[in-house]
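User: Could you take a close look at one part of this model for me, the place where two of its domains meet? I'd like the cut-offs spelled out as you go.

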Amino acid sequence: MKTLTTTEELARFCEEARKHDYVTVDTEFLRERTYYSKLCLVQLAMPGDTDDTAVLVDPLAKDMSLDPMMDLFRDTSVVKVFHAARQDLEIFFVENQVFPEPLFDTQVAAMVCGFGEQVGYETLVRKVAKQSLDKTSRFTDWSRRPLTEAQKKYALADVTHLREIYEYLAAQLDKTGRAKWVQEELRILTDPETYIIQPSEAWKRVKTRTNSGKFLAVVRELARFREGYAQSRNVPRSRVFKDDALVELASTKPTSMTDLGRSRLLLREARKGEIADGILAAVQAGTECPPEDYPKPDLSRDKLQVNPALADLLRVLLKAKTESAGVASKLIAPAADLDAIAAGLRDVPALSGWRREVFGEDALRLCNGDIALAAKGKSVKIVEL
């Protein structure tokens, strides 16, 4: 198990990797004490089974720059293969403003190939590579050096088995003509907006029991302050104050340090200093917000007049279609989207792209009364009307 600790070593490996069609990639990181993930290890493997085809890259080594790997990521002649890539991609985008291109995510591909919902890497290793994984090192501290042999073995397994999984899934996609389906799904993963959280929009992630504009104005300002503070100090937003404390503050609207001291849910560190000052300023800004500038939550789906019988029929149709196509049903349409279609909305993902081909076209025909569903043994068939 070779660990690269210098830029020169990494550059040599990346140069060799460019001679191949693909390279598999994984990372180990920590995020418990920071807002942004701290990259602790990168695993890379190219096709082959010799010792030099899979390596560990130590980004914490003093003589290491990841620039050669970023150049490899930009090389469009080499496919970069990940499993459940979102968090990995966020790290590379935040730190280097780079997305690996072209990208292949084996979790997405497995859902398209009929392996079920959010299939885990361990499951694919067992079903495709016919191997088992030792997960005992999964929750270790990857920032500590030196790494143990168990950690190294665990980390390398995340990219060595990935080679066989990728080759199998890629072949399946070529056979079924579904490679373009996966590429459609991956567009959101390579969209910068997926990873950029604007403090002014952070309030939309806070769950409240009211849609009162006056109340939400305070929620917005508190969430804006918390997000900006967490980003600038690189600390988890929960270390500033948690959502339940935020909602409590929006309800009690403290105006002084004494008021803050009465909070049941606010952390002790947040009752003084910069955080306390920020809370009071946010509450004041929220309470002084003019009505015309109140936040406007999206209530369009809350007011939908859903036809429950039609929604049930759409669920039956979706189950029948996904079973025959061998695609995970939630990848096509979650329950909320089926309700939206049953209520008359047409701007939903299930009615566009490859989803329309598999399900959406017949869903619209069902809504329009052009087809019916009939049970035939254990299956469901479409009846033309």
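Analyst: Happy to. Between domain 1 and domain 2 there are four residue pairs in polar contact, both residues at pLDDT 80 or more; a polar contact is a pair of N or O atoms within 3.5 Å, where one must be able to donate a hydrogen and the other to accept it, and residues adjacent in sequence count only if both atoms are side-chain atoms. By class, the side of domain 1 that touches domain 2 has two nonpolar, one polar and three charged residues (Ala, Val, Leu, Ile, Met, Phe, Trp, Tyr, Cys and Pro count as nonpolar, Asp, Glu, Lys and Arg as charged, the others, Gly among them, as polar). Even so, the rule finds zero salt bridges across this interface, a salt bridge being a side-chain nitrogen of Lys or Arg within 4 Å of a carboxyl oxygen of Asp or Glu.

A word on the source: this is a predicted model, where local features need pLDDT of at least 70, side-chain atom pairs count only at pLDDT 80 or more, and totals for chains, interfaces and linings use all residues. Residues are numbered from 1 along each chain as its sequence is written, and side-chain values use heavy atoms, with hydrogens and water left out.

As for extent, six residues of domain 1 are in contact with eight of domain 2, contact meaning heavy atoms within 4.5 Å. About 560 Å² is buried between the two domains, 50% of it from carbon and sulfur atoms; buried area is the accessible area (1.4 Å probe) that two parts lose on being put together, summed over both. Arg-33, Tyr-35 and Tyr-36 supply 81% of what domain 1 buries there, more than any other three residues.
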